[in-house]
Amino acid sequence: MRRRNPLPPSPLPQRDGIDAVRVRLPFDGAWATVREHLTDRLAGAGPEVVAGMFEAGQVVGADGKPVAPDAAYEPGMFVWFHRELRAEVPVPFTVDVVYRDEHIVVADKPHFLATTPRGGHVTQTALARLRRELDIPALGAAHRLDRLTAGLVLFTVRPEERGAYQTLFRDKLVRKEYEAVAPYDPALALPRTVRSRILKERGVLAAQEVEGEPNAVTRVEAVEHRADGLARYRLAPATGQTHQLRVHMNALGVPILGDPLYPEVAAPVPADDFRRPLQLLARALEFTDPVTGTEHRFRSTRTLEAWGSYSGWAAQEPRTGSAQ
């Protein structure tokens with residue numbers, strides 16, 4: 001079997017913790033110049049924007065030198081450039097590092113902060129922040145948490161080792177424990193293991209349970225409940241489907257507090273509204289390090305606000321972003 005040639009390294013440094021965009025020119029095409037191809041490829045940006053990038057020398061080749069506006073199209077050629085990023089509302093909560101060595105970083109992510117760049121959340125992500133704050137440009141995520149979920153996330157320091165840690169999650173070798181605050185239902189028999197088939201369609205906000213072979217398995221336990229009708233739950237997912245815990249809790253009739261999608265999709269809120277966070281926390285991660293063989297056990301030190309004071313959580317005033 002012929003080995004693939006390694007991808008060339010980016011000649012451009014990161015910007016705000018974000019890698020430059022790498023484009024490989026297709027081997028088939030009728031473009032006369034590199035600029036013509038990028039104009040078609042970046043049609044949403046507009047030809048004027050692409051022209052400006054070339055004029056400013058922002059499109060470079062593997063040698064780091066600007067590609068001329070009239071440079072001939074070369075099939076298989078690599079070029080790099082930085083996209084102009086939209087201004088984002090800063091998420092006013094810190095990303096706490098609970099562990100760091102030469103192979104991994106384990107971070108305790110706050111609510112409202114995406115794990116990795118996606119959609120409108122790019123620089124305001126845990127990955128971009130940690131790259132900047134820890135000065136580890138090669139840092140990568142081994143898995144992801146929903147933007148609205150707080151708690152532990154595993155990052156890798158060395159790109160060549162990332163696959164080994166990602167395989168832990170793929171092969172279900174990571175023991176994960178979550179904590180949630182939701183209504184208490186005395187008629188709900190717990191503990192129990194919930195099994196269902198979850199389907200998340202692209203472009204649809206909420207996932208659905210559908211008929212078919214189960215692909216989502218969650219162990220649900222009630223830890224404690226109190227007189228105001230709330231309970232604290234321990235959730236142990238054996239699989240990692242999108243919104244799995246939120247879907248399963250809703251299916252049990254006890255949707256997690258602060259969930260804007262389950263049981264009903266709520267109206268969007270302003271980007272700077274950080275009130276009433278989803279009461280779901282990735283509390284613990286346990287695994288055997290595939291590189292060092294170390295047995296790791298990590299726990300989040302965050303708390304779920306609604307359990308400490310439901311009235312305080314429910315009555316929060318809007319918080320606007322400012323902290324980095």
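Asp259 sits in the loop between helix H5 and strand S12 of this predicted model. With a relative accessibility of 12%, under the 20% cut-off, Asp259 counts as buried. Its side chain reaches the backbone nitrogen of Tyr262 at 3.3 Å. Leaving aside neighbours within four places in sequence, Asp259 is also in contact with Arg246 and Leu278.

From this loop it is a natural step to the interior. The largest nonpolar core has 37 residues, and those with the most contacts inside it are Leu139, Phe155, Tyr233, Leu235, Met249 and Leu280. Two or more residues each are given to this core by strands S4 (104-109), S6 (150-156), S7 (175-183), S11 (230-237) and S12 (280-288), and by helices H3 (126-134) and H5 (244-251). The largest share, four residues, comes from H3. Met249 offers a good view of the packing: beyond its neighbours within four places in sequence, Met249 is in contact with Ala182, Val220, Tyr233, Leu235, Val254, Pro255 and Ile256.

A second, separate core holds 15 residues, including Val34, Leu42, Tyr73 and Phe81. Val34 also belongs to helix H1 (residues 34-41), whose buried residues are Val34, His37 and Leu38. Seen down the axis of H1, these buried residues fall within an arc of 95 degrees, so they line one face of the helix. The partners against which the buried residues of H1 pack are strand S1 (21-24), helix H2 (47-55) and strand S2 (78-81).

Charged residues complete the picture. Side chains of opposite charge can pair when their charged atoms come close. In this model the count comes to 20 salt bridges. One of them joins the side chains of Glu161 and Arg158, at 3.4 Å from N to O. Glu161 counts as buried at 12% relative accessibility, whereas Arg158, at 29%, counts as partly exposed.

Other salt bridges link distant parts of the chain. Glu286 pairs with Arg175, with the closest N and O atoms 3.3 Å apart; Glu286 lies in strand S12 and Arg175 in strand S7, 111 residues apart. Both count as partly exposed, Glu286 at 27% relative accessibility and Arg175 at 41%. Strand S7 takes part again through Glu177, which is linked to Arg299 in strand S13 (residues 295-299), 122 residues apart. The closest N and O atoms of this salt bridge are 3.9 Å apart, and Glu177 is partly exposed, with a relative accessible area of 24%. Glu177 and Arg299 are also part of a network of salt bridges, together with Arg219, Glu221 and Arg234.

Methods: Residues are numbered from 1 along each chain as its sequence is written. This is a predicted model: local features need pLDDT of at least 70, side-chain atom pairs count only at pLDDT 80 or more; totals for chains, interfaces and linings use all residues. Side-chain values use heavy atoms; hydrogens and water are left out. Buried means under 20% relative accessible area, exposed over 50%, partly exposed in between (1.4 Å probe, protein chains only). The arc is that of the directions from the helix axis to the C-beta atoms. Contact means heavy atoms within 4.5 Å. A nonpolar core is a set of buried Ala, Val, Leu, Ile, Met, Phe, Trp, Tyr and Cys residues joined through side-chain atoms within 4.5 Å. A polar contact is a pair of N or O atoms within 3.5 Å; within protein, one must be able to donate a hydrogen and the other to accept it, and residues adjacent in sequence count only if both atoms are side-chain atoms. A salt bridge is a side-chain nitrogen of Lys or Arg within 4 Å of a carboxyl oxygen of Asp or Glu.
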